[in-house]
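Take a moment with the sequence and the model below. The text that follows walks through a few of the helices and some residues in them.

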Amino acid sequence: MAGTGTGTETGAEAGTNWRAWQDSWDQQQQWYLPDREERFQIMLDMVEATVGPAPRVLDLACGTGSITDRLLQRFPDSTSVGVDLDPALLTIAEGTFAGDDRVTFVTADLKDPEWTAALPHESYDAVLTATALHWLYSAPLAVLYGQVAGLVRDGGVFMNADHMPDPATPRINAAERALRHRRMDRAKAEGVLDWKEWWQVAAADPVLAAPTAKRFEIYGEHADGDMPSAEWHARSLRDGGFSEARVVWASPSDSLVLGLK
């Protein structure tokens with residue numbers, strides 16, 4: 001099932017501080033991903049390098065619109081179509097960008113073979129996604145990459161920033177994870193909300209309670225993907241129709257893989 005979101009605010013929603021919700025989501029994500037802003041910066045650098053400063057962007061699995069938010073701040077002449085299935089995060093996204101005619105949000109399930117039919121455009125200069133596609137197993141993700149290749153114009157770009165561990169380096173992976181979790185524990189002791197706590201707050205909010213309940217009906221509690229390596233992502237993008245693909249940024253645990261059509 002798919003449909004276009006309206007972005008309209010009525011009743012209690014009109015008094016909701018959507019920017020505060022957007023900021024709280026960013027803070028929660030930053031706890032897990034301390035280099036989150038760095039990856040966004042490199043992503044937008046490569047957008048400018050490959051397709052220029054006024055792109056038509058598809059924000060894939062957009063969540064609250066974190067990529068779109070940074071895209072519009074850096075490139076005011078850009079436009080963005082955000083697509084996601086999560087009703088709670090889309091509610092925050094639509095509230096945040098209500099009245100901005102540069103932005104459209106679409107509700108669609110990326111596992112649905114027909115999800116692209118819900119999009120308002122047939123092609124995009126850039127398709128961007130971050131910390132989202134690990135919800136998919138490798139086989140459906142490879143299929144999705146082929147679909148995305150059909151949406152990116154010739155000369156256009158796709159980028160995915162996500163957790164992409166290398167199975168060939170288990171000791172390095174374990175050492176990095178242990179350090180990261182020690183730092184997370186210290187921040188948690190200072191009052192940072194984790195994923196579960198953030199959703200508990202959303203579930204208690206009068207405006208977000210219903211879409212949050214629906215969200216957990218759809219997704220459950222945890223991601224179910226298998227998180228393949230960055231090399232797998234680059235190879236699958238080439239197999240799916242991109243002429244070039246490689247890592248353009250990496251942290252000790254995550255990578256940003258770029259595919260050029």
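At what angle do the axes of helix H1 and helix H3 cross? This is a predicted model. In it, the axes of H1 (residues 18–32) and H3 (residues 66–74) cross at roughly 110°. They come within 11 Å. Angles from 65 to 115 degrees count as roughly perpendicular. H1 and H3 are therefore roughly perpendicular to each other.

Which residues make this contact? From H1 come Arg19, Gln22, Trp25 and Asp26. From H3 come Ser66, Asp69 and Arg70. By character, the residues of the contact are four charged, two polar and one nonpolar.

Stay with H3 for a moment. Is H3 largely enclosed or largely open? Seven of its nine residues are buried, so H3 is largely enclosed by the rest of the structure. The buried residues are Ser66, Ile67, Thr68, Asp69, Arg70, Leu71 and Leu72. Ser66, Asp69 and Arg70 also take part in the contact with H1.

One residue of H3 leads on to helix H2. Ile67 is in contact with Met43, and Met43 has its place in H2 (residues 36–51). Is Met43 buried or exposed? Buried means under 20% relative accessible area. Met43 has 1%, so Met43 is buried. Leaving aside neighbours within four places in sequence, the contacts of Met43 also include Leu128, Thr129, Ala130, Met159, Ala161 and Leu256. Thr16 makes a contrast in distance. Thr16 and Met43 are 27 residues apart in sequence, and their C-alpha atoms are 30 Å apart in space.

Now turn to helix H7 (residues 195–204). Which of its residues are buried? They are Trp198, Trp199 and Ala202. An α-helix has 3.6 residues a turn, so residues three or four places apart point the same way. Seen down the axis of H7, the buried residues fall within an arc of 95°, so they line one face of the helix. On the other side of H7, Lys196 and Ala204 are exposed.

What covers the buried residues of H7? The cover includes H1, helix H4 (87–97) and helix H8 (209–219). H1, then, appears again here, after its crossing with H3. The N-terminal end of H7 has a cap, Asp194. A side-chain oxygen of Asp194 lies 3.2 Å from the backbone nitrogen of Lys196.

Next comes a pair of residues from two helices. Ala139 lies in helix H5 (residues 138–151). Ser236 is found in helix H9 (residues 230–240). How far apart are their C-alpha atoms? The separation is 9.9 Å, although the two residues are 97 residues apart along the chain. Their accessibilities fall in opposite classes. Ala139 has 56% relative accessibility, so Ala139 counts as exposed. Ser236 has 9%, so Ser236 counts as buried. Ser236 can also be placed against Ala132. These two are 104 residues apart along the chain, and 17 Å separates their C-alpha atoms.

Last, look at helix H6 (residues 170–189), which holds Glu176. Is Glu176 buried or exposed? Its relative accessible area is 16%, so Glu176 is buried. What does Glu176 touch, leaving aside its neighbours within four places in sequence? Glu176 is in contact with Pro252 and Ser253.

Terms used. Residues are numbered from 1 along each chain as its sequence is written. This is a predicted model: local features need pLDDT of at least 70, side-chain atom pairs count only at pLDDT 80 or more; totals for chains, interfaces and linings use all residues. Side-chain values use heavy atoms; hydrogens and water are left out. Axes are lines fitted to C-alpha atoms, for helices over the stretch in contact, and angles run from 0 to 180 degrees between N-to-C directions. Helices (H or I, at least four residues) and strands (E, at least two) are DSSP runs, numbered from the N terminus. Angles under 35 degrees count as roughly parallel, over 145 as roughly antiparallel, 65 to 115 as roughly perpendicular and the rest as oblique. Contact means heavy atoms within 4.5 Å. Ala, Val, Leu, Ile, Met, Phe, Trp, Tyr, Cys and Pro count as nonpolar, Asp, Glu, Lys and Arg as charged, and the others, Gly among them, as polar. Buried means under 20% relative accessible area, exposed over 50%, partly exposed in between (1.4 Å probe, protein chains only). The arc is that of the directions from the helix axis to the C-beta atoms. A polar contact is a pair of N or O atoms within 3.5 Å; within protein, one must be able to donate a hydrogen and the other to accept it, and residues adjacent in sequence count only if both atoms are side-chain atoms.
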